[in-house]
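Work through the exercises below with the structure open. Each task is followed by a solution in steps.

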Amino acid sequence: ESGRALLRLEQHSLSSIVTEAANGLAPQMEEEHVRVRHDVSPSVAVLADRPQLVRAFTNLLDNARRFSPPAGIITVGAQPSQEPDRIEVFVSDEGPGIPPSEVERVFERFYRADAARAGQGKGLGLAITKHIVTGHGGSIWVDQSERHRGTTIRLTLPSAD
């Protein structure tokens, strides 16, 4: 938040970043029978501080895991953004979704939309993720499409192409 964190932006495969984050959560995912499916092509490259972006995706995947039903599937995908020189990424779960009245607050520090179901979290994961993404020059939001179930978080990152 101080604006003093230095990011070392280098070209990285987005697929390898998502895979590293998912592998770090493998024990928790296996315990809860939740799977991560990602359709991110290995050729999609982003300009990123790898450790920071792995942390952001770990937060997103862990949050999706905590709200997923047993045997749920978390889906990660990427596509060119409507913004020039950006990649749009999504992380989608099959959980109960976020009530529309809560959507604007989910990226606030210490905010937990449903403390009873959020487990041991402190309400910092999405706030930290937002700072990492905006530090990369991207944006992050909750997709409020017509889906009736689950949550989709979308974000943009600088393309390395």
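**Exercise 1: α1 and α3**

The axes of helix α1 (residues 14-24) and helix α3 (residues 50-67) come within 8 Å and cross at roughly 55°. This is a predicted model. Classify the orientation of α1 and α3, give the handedness of the crossing, and list the residues that meet.

Solution.
- Step 1. Start from the crossing angle of roughly 55°. Angles from 65 to 115 degrees count as roughly perpendicular and those under 35 as roughly parallel; α1 and α3 are therefore oblique to each other.
- Step 2. The crossing in which α1 passes α3 is right-handed.
- Step 3. From α1, the residues in contact are L14, S16, I17, V18, E20, A21 and A22; from α3 they are R50, L53, V54, F57, T58 and L61.
- Step 4. Sorted by class, this contact of α1 with α3 holds nine nonpolar, two polar and two charged residues.

**Exercise 2: α3 and α4**

Describe how α3 packs against helix α4 (residues 125-135).

Solution.
- Step 1. The axes of α3 and α4 lie 9 Å apart, and the packing angle is about 145°.
- Step 2. The crossing of α3 and α4 is left-handed.
- Step 3. Q52, L53, R55, A56, N59, L60 and N63 of α3 touch G125, L126, I128, T129 and I132 of α4.
- Step 4. The contact of α3 with α4 comprises six nonpolar residues, five polar and one charged.
- Step 5. Compare the two lists for α3: L53 meets α1, and L53 also meets α4.

**Exercise 3: the sheet**

What is the strand order of the open sheet, and which strands stand at the edges?

Solution.
- Step 1. The five strands run in the order β2-β4-β5-β7-β6, and their pairing is mixed.
- Step 2. β2 (35-38) and β6 (140-142) each have a single partner strand, so they stand at the edges and one side of each has no neighbour in the sheet.
- Step 3. On average, neighbouring strands are turned by 15° against each other, direction ignored.
- Step 4. β2 pairs with strand β4 (residues 73-80) in the parallel sense, over four bridges. R35 has I73 in β4 as its bridge partner.
- Step 5. α1 packs on this sheet and touches β2, β4, β5 (86-92) and β7 (152-158); the direction of α1 makes about 180° with that of β2.

**Exercise 4: confidence**

What is the mean pLDDT of the protein?

Solution.
- Step 1. The mean is 88, with 86% of the residues at 70 or more.

How values were computed: Residues numbered from 1 in each chain as written. Predicted model: local features only at pLDDT ≥ 70, side-chain atom pairs only at ≥ 80, totals over all residues. Heavy atoms only, no water. Axes fitted to C-alpha atoms, helices over the stretch in contact; angles between N-to-C directions. Parallel < 35°, antiparallel > 145°, perpendicular 65-115°, else oblique. Left-handed = near helix turned anticlockwise from the far one by under 90°. Contact = heavy atoms within 4.5 Å. Nonpolar A, V, L, I, M, F, W, Y, C, P; charged D, E, K, R; others polar. Pairing = 2+ DSSP bridges. pLDDT = per-residue confidence, 0-100.
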